[in-house]
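Student: I'd like a close look at how the strands pair up in this one. Could you walk me through it?

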Amino acid sequence: MKRWIKCRRIFMTTEREKMTAGEDFNQFDHELIKRRILVRKMLQKINNTPDNEERNAMIKGLFADTGDEFFVETDLQFDYGWNIHIGNNFFGNYRLTLMDSCPITFGKNCYIGPNCGLYTNIHPLTAKERVADVELGAPIKIGDNAWFGGGVTILPGVTLGDNVVVGAGAVVTKSFGDNVCIAGNPARVIKTIDNGQFDK
């Protein structure tokens with residue numbers, strides 16, 4: 001009986017569920033293709049909508065969840081929207097890219113500069129696996145009160161704590177805790193930040 005239940009669970013796992021969990025998944029799955037097509041069509045409309053309220057309402061309708069105070073400039077790009085979770089008081093500048101095969105989570109009061117990219121997708125090192133279209137990913141989590149300069153890149157599996165400042169052009173390849181300023185490629189701590197009793 002236990003063996004049957006286990007097999008049934010495996011059979012019922014969708015490609016979307018496997019993708020979100022960071023397991024190998026088939027990017028050519030019908031549900032995933034259908035969603036990517038929908039998102040591309042919507043992004044064409046979103047990125048050509050000059051009215052801020054209208055544009056951001058459409059974005060919020062595609063993301064998993066956002067706070068009430070939410071603003072993203074034009075040229076936004078993402079894959080699904082299902083896995084994007086945004087805390088309250090979020091600002092994303094021009095040309096923000098969120099590759100969300102796995103969850104991307106922002107805390108509250110996050111300010112993201114132009115040309116920033118957060119990429120959860122992982123591609124294998126071996127050519128054999130890449131040619132075989134093996135796809136998987138790892139989640140990204142950004143704490144409260146983050147500030148990213150322009151051109152920041154966040155790689156799969158990274159977690160940043162609260163009150164983190166990321167310098168322009170940084171490539172963040174590993175996780176960091178609270179109250180640090182990081183910069184460089186790969187990013188490293190260049191300064192600690194005294195935030196006192198700040199708890200907004």
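Student: In which sense do strand β17 and strand β18 pair, and over how many bridges?

Tutor: Quick ground rules before the strands. This is a predicted model, so to speak of local features we need pLDDT of at least 70, and side-chain atom pairs count only at pLDDT 80 or more, while totals for chains, interfaces and linings use all residues. Residues are numbered from 1 along each chain as its sequence is written, and side-chain values use heavy atoms, with hydrogens and water left out.

Now your pair: β17 (residues 180-184) and β18 (residues 187-192) are antiparallel, joined over 5 bridges. A strand here is a DSSP run of E with at least two residues, numbered from the N terminus (helices are runs of H or I with at least four), and two strands pair if DSSP finds at least two bridges between them. Val180 has Thr192 in β18 as its bridge partner. With 2 residues between them, β17 and β18 make a hairpin.

Elsewhere the pairing is parallel. One open sheet has 4 strands, in the order β3-β6-β11-β14 and paired in parallel. Its edge strands, β3 (84-86) and β14 (159-160), each pair on one side only. Inside that order, β6 (residues 104-106) and β11 (residues 140-142) run parallel and share 3 bridges; there Thr105 is partnered by Lys141 of β11.

Another open sheet has 5 strands, β2-β5-β8-β13-β16, also with parallel pairing. At its edges, β2 (77-78) and β16 (171-172) each have a single partner strand, so one side of each has no neighbour in the sheet. Within it, 2 bridges link β8 (residues 117-119) in parallel to β13 (residues 153-154), and Leu118 has Ile154 of β13 as its bridge partner.

One loop deserves a stop too. Asn89 sits between β3 and β4 (90-92). Asn89 is buried because its relative accessible area is 18%, where buried means under 20%, exposed over 50% and partly exposed in between, using a 1.4 Å probe and protein chains only. The Asn89 side chain makes a polar contact of 3.1 Å with that of Tyr111; such a contact is a pair of N or O atoms within 3.5 Å, and within protein one must be able to donate a hydrogen and the other to accept it, with residues adjacent in sequence counting only if both atoms are side-chain atoms. Setting aside neighbours within four places in sequence, Asn89 is in contact (heavy atoms within 4.5 Å) with Glu69, Asn109, Cys110 and Tyr111.
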